[in-house]
Amino acid sequence: MVSDMAKGEHAPHWAAWQKTQSGLMSQFLEDKTNQPLQPPEREDVDEGGDGLAPLRSAAGAATENTLRRQLQFLLDGTAQSLFKRFADPAEKCRYLSITCTTTMILYAPDVSKHIPYLLPSVLSRYPPTFYDQEQQVFIHDLEQHEGYKRGVATARQDKSELVHSAATITVVEPSEEVRLLLCDLISSLLKAGVGYGTLSCLNPYFSDLVLILQSQLRDPYPALKCRASLLLVNLVRVPQWEQGAMVFATALARAAITNLRHRNAKVRVASLGLFEAAVGVPNRAKVRGAGTDAIADVVGFREENVLPIAAFYSASAGVQVNALAEVCQDGNGTVRARACAALCFFITCLPDRYDHHTRLLPYVLSFFGDDRASTREMAVQAIEHCGGQYEAEHPDDVIERRQYGVDGDSRTNVVDPLPSPFTERPRLGARLFVRGNTKRFFKALLKELTNWIETTRERSADLLLILTVYCEEHLTMDFHATLPLTVKALRNSITEGKTSASLTSKIRTILELMGRYVDPETYVPLLLPRVTGEGDGTSASEGE
């Protein structure tokens with residue numbers, strides 16, 4: 001059997017979803033306005049048309065080289081004095097010292113000998129931050145974390161911050177503008193390393209850079225959160241720092257989860273980008289994403305009948321927050337589109353995506369009813385791509401259906417139009433893919449149709465409609481449990497009247513679709529007693 005990737009059948013789809021290592025120059029050589037920085041060398045263009053372009057170019061290069069040598073001389077002579085001013089009591093002095101340092105780092109050819117003095121000066125402007133490699137989390141209160149490891153009744157720090165998102169955060173640098181300048185200083189250090197080919201000089205300080213930028217993720221200033229998130233994304237995608245990024249991948253992804261609940265939409269978008277980049281850091285030895293352990297945290301997963309001991313002493317210690325569900329139904333369309341893009345990348349491109357399909361599939365399918373057409377199309381294409389992968393990896397499940405033209409029960413109605421966003425019947429592989437990953441959450445979805453929250457009922461009905469289209473006659477297997485719960489939801493929505501008119505319409509559409517795919521011999525015995533009045537019919541299972 002030849003893989004679909006080897007044959008190249010899905011190369012166009014793969015190219016649309018695969019996230020590759022982006023070029024270093026494109027990552028760092030951008031200013032605050034996202035406009036590429038101009039290269040230091042001038043092009044040999046004859047602007048005056050008089051044939052003197054080579055002379056002008058030589059004169060400009062000489063002037064620029066002189067300027068760079070002067071800045072290098074200034075940096076060598078004043079570096080340590082400038083770094084000391086980072087902690088000056090006067091805000092203006094701190095502002096000017098960081099600005100001068102940033103400018104000289106960008107244009108001075110050699111800053112490697114100043115890095116051992118620069119980074120401690122920057123770190124001193126942030127609260128102490130530690131990294132626990134065993135727990136794979138960043139620590140900001142060492143005493144509390146030590147107590148957590150000893151068994152004290154407290155939650156892990158990243159989970160505690162997720163529940164208590166309004167907790168007070170201590171900062172060392174009181175000025176927001178100066179804190180933002182410190183982030184720009186780190187950015188300029190990376191740009192200079194890329195531009196002059198001296199990025200390897202930062203290899204011993206990779207962990208310090210991560211700790212600095214991770215501290216900025218907790219900063220109360222939204223613009224700084226966005227800037228630090230984007231810089232961390234670029235940092236973990238540098239090929240030569242891949243091994244270091246593997247160590248911090250899960251912790252960075254967990255740190256980004258807290259900001260997914262931030263009130264600022266730009267922060268949520270930037271945090272989704274960081275979460276995607278951290279989860280997707282390649283672990284080539286184990287053929288998986290280095291940060292995929294954080295996926296269980298973002299969906300608030302907890303094993304059944306498992307409760308932390310701390311929950312008996314503090315109710316908040318047992319709370320699990322599904323941050324992914326919140327961003328999937330975010331009121332901002334840009335946030336939803338970014339969440340959809342991240343999920344599509346996870347289910348199509350992660351090497352260990354099969355371990356997460358069941359967990360992430362409901363969220364991808366929920367975007368089929370999004371208000372934005374581009375987001376809907378993105379989700380549909382992702383499922384179609386997964387279907388293509390399924391067909392290539394499971395040829396035995398597909399070949400007989402295609403060779404003999406037997407695609408589903410002949411008694412099903414697959415001719416009539418399907419509800420939006422479907423324009424045609426989904427491909428065979430997509431249907432088999434969805435069916436194989438639906439069983440674990442299908443019953444829970446049916447029970448949500450009668451949830452006391454109206455929004456939950458509406459979204460559950462939307463998802464059930466999508467699953468009905470993909471599952472088709474496969475619904476027959478557990479229809480004795482599916483039909484009673486659906487009828488119960490319809491009865492409740494009719495009883496509520498106008499408040500659930502849209503839900504009633506959706507459930508009727510679902511029942512109509514089920515009637516197209518399920519054999520009447522299956523559902524007539526369940527409904528006939530209710531119609532004739534001889535009994536309650538489906539009531540025997542409605543309470544399950």
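Biologist: Where is the place of Pro421, in the loop between which two helices?
Modeller: Bear in mind that what we have here is a predicted model. One of the helices is H19, which covers 395-403. Going on from there, the loop that holds Pro421 runs between H19 and H20.

Biologist: And which residue is joined to Pro421 by a cis peptide bond?
Modeller: Most peptide bonds are trans. At Pro421, though, the bond is cis, with omega at about 10°. The partner in that bond is Ser420.

Biologist: Which residue other than glycine has a positive phi, near 50°?
Modeller: Most residues other than glycine have a negative phi. The one with the positive value sits in the loop between strand E3 (282-283) and strand E4 (288-289). That residue is Val287.

Biologist: Back to H20: how do H20 and H22 lie to each other, oblique or roughly parallel?
Modeller: H20 takes in residues 428-436 and H22 takes in 454-471, and their axes are 8 Å apart. The packing angle is about 120°. Roughly perpendicular stops at 115 degrees and roughly antiparallel needs over 145, so H20 and H22 are oblique.

Biologist: What is the handedness of the crossing where H20 passes H22, and how many charged residues does that contact have?
Modeller: The crossing of H20 with H22 is left-handed. On the H20 side you'll find Ala430, Arg431, Val434 and Arg435, and they meet Leu467, Tyr470 and Cys471 of H22. By class, 5 residues of this contact are nonpolar and none are polar, while the number of charged ones is 2.

Biologist: H22 seems worth following. Which helix gives the largest share of the lining of the largest pocket?
Modeller: Several helices supply at least two residues each: H15 (323-328), H17 (357-366), H21 (439-447), H22 and H24 (501-517). The largest share is 9 residues. The helix that gives them is H22.

Biologist: How much space lies in that largest pocket?
Modeller: Its lining counts 41 residues, and those closest to the centre are Pro362, Tyr363, Ser366, Leu445 and Leu463. By class, the lining splits into 19 nonpolar, 11 polar and 11 charged residues. As for the space in the largest pocket, the value is about 1500 Å³.

Biologist: H17 is on that list too. At what angle do H16 and H17 pack?
Modeller: H16 covers residues 333-349, and its axis is 10 Å from that of H17. The crossing of H16 with H17 is left-handed. Their packing angle is about 145°.

Biologist: Which residues of H16 meet H17?
Modeller: From H17, the contact takes His357, Leu360, Tyr363 and Val364. The contact is made up of 6 nonpolar residues and 1 polar one, with no charged residues. On the H16 side, the residues are Leu343, Phe346 and Ile347.

Biologist: How do H13 and H16 lie to each other, roughly parallel or oblique?
Modeller: H13 spans residues 265-279, and its axis comes within 9 Å of that of H16. The two cross at roughly 5°. Angles under 35 degrees count as roughly parallel, so H13 and H16 are roughly parallel.

Biologist: How many nonpolar residues does the contact of H13 with H16 have?
Modeller: H13 brings residues including Val269, Leu272 and Phe275, and H16 brings others, among them Val335, Ala339 and Phe345. By class, 2 residues are polar and 3 are charged. The nonpolar count is 10.

Biologist: Now the cavities. Which helix gives the largest share of the lining of the largest cavity?
Modeller: The structure has 5 cavities of 30 Å³ or more, and the volume of the largest is about 130 Å³. Its lining includes Asp158, Lys159, Arg254 and Asp297, and two or more residues come from each of H8 (157-163) and H12 (242-259). The largest share is 4 residues, and the helix is H8.

Biologist: What is the volume of the second largest cavity?
Modeller: There are 15 lining residues here, and nearest the centre are Tyr126, Pro127, Thr170, Val171 and Ser215. By class, 6 are nonpolar, 4 polar and 5 charged. The volume of the second largest cavity is about 100 Å³.

Technical notes
Residues are numbered from 1 along each chain as its sequence is written. This is a predicted model: local features need pLDDT of at least 70, side-chain atom pairs count only at pLDDT 80 or more; totals for chains, interfaces and linings use all residues. Side-chain values use heavy atoms; hydrogens and water are left out. Axes are lines fitted to C-alpha atoms, for helices over the stretch in contact, and angles run from 0 to 180 degrees between N-to-C directions. Angles under 35 degrees count as roughly parallel, over 145 as roughly antiparallel, 65 to 115 as roughly perpendicular and the rest as oblique. A crossing is left-handed if the near helix is turned anticlockwise from the far one by less than a right angle, and right-handed if clockwise. Contact means heavy atoms within 4.5 Å. Ala, Val, Leu, Ile, Met, Phe, Trp, Tyr, Cys and Pro count as nonpolar, Asp, Glu, Lys and Arg as charged, and the others, Gly among them, as polar. On a 1 Å grid over the protein atoms alone, a cavity is a set of points where a 1.4 Å probe fits but cannot get out, and a pocket is an open set with protein on both sides within 12 Å along at least five of seven lines; lining residues have an atom within 4 Å of a point. Grid points are joined across faces, edges and corners, and a volume is the space filled by probe spheres set on the points.
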